[in-house]
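Biologist: I have a structure open on my screen and would like to understand the words people use for it. Could we go through them together?

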Amino acid sequence: MRSRMGMLVAAGLGLSLTSCTQVAKGLRAANLGEDANRVAAAAEKVQSCDKLKVEPAIQEEYALGSALAIHWAQQGGGLMLSGAAEEKLNTYVNTVGRNLAMQSPRPELRWTFGVLKDAKRFNALSAPAGYVFVTHGLLQGVENEAQLAGVLAHEIAHVVLKHALHQYVSVKVSTCKGAAVTGAVVSTVASKLKNASLVDGRLDLDSDTGLMGEMVEGTVDAFGKGNRKDEELAADALAVELLLSAGYDPREFSRLLERTSGGGGFFENHPKKEERQERIADLLQARRENADPLARVDVASLQRPALPASFTATVGPGKKPTGVAKDAK
């Protein structure tokens, strides 16, 4: 009897153990299913973020550009607009800049040019929607109007080619994906990016200061890495075309690069000045030898206008630049 009872107990325990094992397996499978579902949901959200890779609407570009312009003005110590002399300088820079911008593929933008008070740095910056700034220090380094035009044309080219907007779009996508991967509902920004990805991928920055601040901050951080080498060379190539269309001699822009020290500039991915100069020379030579007489360039007709006397009086004595213009577009 005892042995039979022992067998029954053993069998009962076996059944219990089997049931517990099956239950545990079932629980693990359920948990794995939940994890798989969470992973799948996160992957779907990450994939939907790619829908933000669209050309921003013009209103979105103006909102971003104006916010970045304010940021650059603050970083540069404000604009030189104190008194009649500085206002006249500002008018002159705007005249040269807008003349070049009208030769560009985006003449319809509300192009705005300004001189920053920063006298220490040899610097030029631009923002989407047609905002271009040069520092006081840069103006002290130019010798004629053609050199000034070269710097402005390079910045105009970055705006026209939408290099800053490409960085901005990357910021939108990376911010959205970061929130999707972590599962964070950290802020309304992530939620609004997600909603935008479900519609047309565009943001209404004007209606939301929080969203605007987040996107501007992210874009400024991206600018800190500079443009890619190919983007810099593309901006130089378009600048040459703008200079020629306006009648300026692109060789003066090359001379300005020659007078600067160092390599490609403050960013490692900037091309070396020698490479930029060689590209400019090749582009000009190609236009000189163009088979189409309407596209052929007569180098003798290219202009290197002197700077107005009021320019030197306001800007102060010239000085040798200490670095290639730092682009922050």
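Modeller: Gladly; what follows is a talk about salt bridges, burial and helix packing in this predicted model.

Biologist: How many helices and strands does the chain have, to start with?

Modeller: The chain holds twelve helices and three strands. Of its 329 residues, 47% count as buried. Among contacts between residues at least 6 apart in sequence, 74% join residues at least 24 apart.

Biologist: And how many salt bridges are there in the whole structure?

Modeller: A search finds 17. One group of residues, D50, K53 and K177, is linked in a network of salt bridges.

Biologist: What makes E108 and R106 a salt bridge?

Modeller: Their side chains come to 3.9 Å, N to O. The cut-off is a Lys or Arg nitrogen within 4 Å of an Asp or Glu carboxyl oxygen, so the pair with its 3.9 Å qualifies.

Biologist: Are those two partners buried or exposed, and how do you know?

Modeller: E108 has 54% relative accessibility, and exposed means over 50%, so E108 is called exposed. R106 has a relative accessible area of 9%; buried means under 20%, so R106 is buried.

Biologist: Why are R228 and D230 described as partly exposed?

Modeller: R228 stands at 47% and D230 at 44%. Partly exposed covers the range between under 20% and over 50%, so both residues get that label. They also form a salt bridge with each other, where the closest N and O atoms are 3.0 Å apart.

Biologist: What makes the pair K229 and E275 a link between parts of the chain?

Modeller: The two form a salt bridge, with the closest N and O atoms 3.2 Å apart. K229 lies in helix α9 (residues 229-246) and E275 in helix α11 (residues 273-288), so the pair ties together parts that are 46 residues apart in sequence. Each partner is partly exposed: K229 has 40% relative accessibility, and E275 has a relative accessible area of 22%.

Biologist: Why is α9 called oblique to α11?

Modeller: Their axes come within 10 Å and cross at roughly 40°. Angles under 35 degrees count as roughly parallel, and 65 to 115 as roughly perpendicular. An angle of roughly 40° belongs to neither class, so α9 is oblique to α11. The crossing is right-handed.

Biologist: Which residues make that contact, and what kinds are they?

Modeller: On α9 they are K229, L233, D236, A237, V240, E241 and L244, while α11 brings E275, R276, R279, I280, L283, L284 and R287. By kind, the contact of α9 with α11 has seven nonpolar residues, seven charged and no polar ones.

Biologist: How do you know that α5 and α10 are roughly perpendicular?

Modeller: The axes of helix α5 (residues 145-160) and helix α10 (residues 250-258) come within 8 Å and cross at roughly 85°. The class runs from 65 to 115 degrees, and the two helices are therefore roughly perpendicular to each other.

Biologist: Which residues touch there?

Modeller: From α5 come A146, Q147, G150, V151 and H154, and from α10 come E252, F253, R255 and L256. The contact of α5 with α10 divides into four nonpolar, three polar and two charged residues.

Biologist: What makes G150 one of the polar ones?

Modeller: Gly is put among the polar residues in this grouping, so G150 of α5 is counted there.

How values were computed
Residues are numbered from 1 along each chain as its sequence is written. This is a predicted model: local features need pLDDT of at least 70, side-chain atom pairs count only at pLDDT 80 or more; totals for chains, interfaces and linings use all residues. Side-chain values use heavy atoms; hydrogens and water are left out. Buried means under 20% relative accessible area, exposed over 50%, partly exposed in between (1.4 Å probe, protein chains only). Helices (H or I, at least four residues) and strands (E, at least two) are DSSP runs, numbered from the N terminus. Axes are lines fitted to C-alpha atoms, for helices over the stretch in contact, and angles run from 0 to 180 degrees between N-to-C directions. Angles under 35 degrees count as roughly parallel, over 145 as roughly antiparallel, 65 to 115 as roughly perpendicular and the rest as oblique. A crossing is left-handed if the near helix is turned anticlockwise from the far one by less than a right angle, and right-handed if clockwise. Contact means heavy atoms within 4.5 Å.
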